[in-house]
Amino acid sequence: MNRTITRELLSGALMLGLGIAGLLHIQYGAWRPAPLVPSYIMPQTAYYFLIGSALWVLGILGLYALRGKVSALERPGGDAQDLVAVGVSCALMLGGGLVYFWMVLNVGLIVSTVLFNAVLVAVLAPNVSLKGLLIVPPLVGLAVWVLFQRMIGITLPPSLLF
Amino acid sequence: MVDLLIEASALAFHPYVLMYVFLGVLLGITLGAIPGLSGDMAIALLLPFVFFLEPAMAMGLLVGIYKGGLFGGSIAAISFGVPGTPGAAATSIDGYQAKLKGKPSKALHTALYSSVIGDTTSDLVLIFIAVPLAAVALTFGPIEFFALYAFSLILIAALSQGMVAKGLAVAAIGILLAMIGRDPITGASRLTFGMPGLSGGLSLIPVLIGIFAISEVVIQGSKLWRRKVDKLMDDVAEQASLLQGYDIRKDKLTWPEFKATLKATYIGAAVGTFIGALPGAGQSLAAFMSYGLAQRFSRKPEEFGKGSLEGIASAESGNSATAGSTFIPLFAFGIPGSATAALFGAAFILMGMTPGPSLLTDNTEIIYALFLTLIFANLVNLVLGKFLLPYYSRIAMIQPGYMIPAVFILAIVGTYAANNSVVDVWVLLFAGVLGVTLRLMSFPLAPLVLGFIIGPGAERALRQSMIMGGGDWSVLITSPIAIGFYVAAFALILLFTLALRAKT
């Protein structure tokens with residue numbers, strides 16, 4: 001299936017799913033009653049907009065598909081993303097971010113920063129040199145120490161190292 | 001007004017404030033010149049630091065970054081044909097061609113001067129328009145305010161890269177994120193799904209940094225991982241080698257050449273100022289519209305696209321002229337009309353100031369000092385640009401592979417530092433995932449941020465209006481001002497849809 005069609009179908013499904021789930025939550029969830037204007041009035045309006053927008057996106061997609069002009073839905077200058085690379089980057093950075101912050105709380109801010117920065121540079125920087133890998137992470141650790149511990153003085157729970 | 005400006009000058013020209021403006025401009029130009037990193041991202045990352053600075057210093061730093069970032073985007077656009085920021089895309093059309101013809105210095109100086117002229121024009125309009133508009137806004141009731149919020153949301157959603165439905169959908173998602181936490185009227189928890197950490201609502205900082213900075217960093221990280229950047233770096237090195245043996249003395253912008261670009265600069269300044277004041281229209285649209293109009297009124301339209309200095313001047317002036325006027329809706333009505341204005345609105349909130357008509361009356365000295373800082377930052381931009389221009393084009397050669405990990409770590413630690421809250425870090429990472437997902441599906445991000453920021457205000461206005469009308473929705477169209485806003489929204493959408501079609 002064409003990449004644009006897949007993207008627009010997924011977008012429409014996401015909006016529609018979120019809108020319907022939200023309305024079901026309003027219908028069957030526990031909402032505290034309020035006089036005249038219920039407390040869900042704004043979320044409800046937002047859910048209606050989501051459903052309306054989803055129908056709009058899917059309707060336009062159907063119209064263009066029937067006319068055989070799906071390519072017209074491409075955004076000018078829109079960069080087709082490499083989904084595998086985005087997945088790897090998400091896992092490495094956002095998953096790694098979870099691990100990194102857990103380490104900050106338990107192992108120590110500076111040690112965790114140097115280690116995490118070294119891992120990210122080693123995996124992400126093209127043509128990374130050993131010199132760069134040995135110099136940059138400690139520099140970032142030093143910058144974090146100066147900025148956050150010396151200048152701002154952030155409060156962190158006691159940790160194993162520093 | 002002059003008296004107030006004189007009173008605020010002691011604050012605006014305090015040595016520390018001036019130092020932060022210098023630092024901000026330098027940082028903004030540096031980040032703006034690196035493709036993938038922008039002034040907006042730098043502002044988002046620095047929001048946690050706003051807590052630890054005096055308001056005037058914090059504003060000096062943020063304004064400096066903003067102004068520097070606007071010009072910095074043109075450096076990569078002219079030097080390597082890669083716009084450092086989306087707003088600099090139009091500048092790259094003629095800028096890169098001029099550089100290939102051996103005129104990089106002329107092109108960069110034209111961009112610098114036109115950027116400063118456009119920016120200053122826009123700042124002056126802001127100073128003289130925002131105050132009277134804010135006085136009008138003070139007479140608004142909930143019905144008018146709801147119409148204004150709806151006007152802004154519809155407009156910013158509709159004008160976001162021409163994707164009306166997706167723009168409206170993400171604005172709705174932004175509103176829903178803002179609804180998480182306690183209901184302001186009943187006090188009951190909403191949309192927290194049993195998680196006590198969410199009962200206080202989502203903080204601005206993690207949502208903004210996650211949506212803007214983290215998602216961008218992850219996307220850039222994916223490009224690095226696939227070594228797509230190799231080609232870019234090779235191109236950069238190749239372009240840098242082209243500059244070897246180049247004699248800058250033969251490439252100085254002369255007075256007649258500068259004079260010839262003034263008409264295009266003024267066109268850009270006028271168009272950019274107007275477009276910037278409209279919620280959602282953005283720098284990119286302003287730059288392209290200025291470019292198109294300048295070509296139409298040029299004596300040498302055939303040179304556009306082939307390295308025309310007029311082309312560079314109009315695009316850069318139009319792009320930069322949105323800088324001041326984009327704050328008009330924020331100062332007058334409390335509505336951030338652009339991503340940058342949303343970030344500044346967040347900074348105001350963090351400093352205990354509420355964006356809107358009362359901002360000017362409650363914080364007169366700070367706001368007038370900010371006005372002066374806006375103008376002063378242009379001067380700093382001009383001076384730094386003039387003296388450091390030969391070195392700036394090398395900035396774009398800093399390896400993103402070393403920058404991206406550092407930016408990511410600063411975002412995480414900075415978010416934690418703002419409130420010493422672990423929940424904020426988890427919200428940041430969640431917002432990052434949401435931002436990446438929305439980017440992959442080609443959703444615009446600015447409406448989400450606008451929805452998140454104005455969601456609580458819009459809800460308050462809607463519920464107050466409905467209570468006034470006894471639960472009847474028709475109360476929303478009982479005010480002539482409100483009707484005027486709804487009509488204006490649809491008229492502007494129509495106008496800009498036609499303009500966008502003409503552009504493409």
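Q: Is Q27(A) buried or exposed, and how do I read that?
A: Count the other C-beta atoms, placed from the backbone, within 10 Å of the residue's own: 20 or more is buried, 12 or fewer exposed, in between partly exposed. Q27(A) has 10 C-beta neighbours inside 10 Å, so it counts as exposed. By the way, this is a predicted model, where local features need pLDDT of at least 70, side-chain atom pairs count only at pLDDT 80 or more, and totals for chains, interfaces and linings use all residues. Residues are numbered from 1 along each chain as its sequence is written, with chains lettered from A and ligands numbered from 1 in the order in which they are written.

Q: Where is the place of Q27(A)?
A: Helices (H or I, at least four residues) and strands (E, at least two) are DSSP runs, numbered from the N terminus. Q27(A) belongs to helix 1 (residues 3-28) of chain A.

Q: Which phi values should catch my eye?
A: Most residues other than glycine have a negative phi. Here L191(B) has a positive phi near 55°, and S442(B) has a positive one near 60°. L191(B) sits in the loop between strand 2 (189-190) and helix 9 of chain B, while S442(B) is in the loop between helix 20 and helix 21 of chain B. L191(B) counts as partly exposed because it has 19 C-beta neighbours inside 10 Å.

Q: At what angle do helix 8 and helix 21 of chain B cross?
A: Fit lines to C-alpha atoms, for helices over the stretch in contact, and take the angle, 0 to 180 degrees, between N-to-C directions. For helix 8 (residues 164-179) and helix 21 (residues 446-468) of chain B, the axes come within 7 Å and cross at roughly 40°. That makes helix 8 of chain B oblique to helix 21 of chain B; under 35 degrees counts as roughly parallel, over 145 as roughly antiparallel, 65 to 115 as roughly perpendicular and the rest as oblique.

Q: What classes of residue make up the contact of helix 8 with helix 21 of chain B?
A: Ala, Val, Leu, Ile, Met, Phe, Trp, Tyr, Cys and Pro count as nonpolar, Asp, Glu, Lys and Arg as charged, and the others, Gly among them, as polar. This contact has 14 nonpolar, four polar and no charged residues.

Q: How many residues does each chain give to the contact between chain A and chain B?
A: Residues are in contact if their C-beta atoms, placed from the backbone, lie within 7 Å. Chain B gives 57 residues and chain A gives 52. On the chain B side, helix 19 supplies the largest share, 11 residues.

Terms used:
Two residues are in contact if their C-beta atoms, placed from the backbone, lie within 7 Å.
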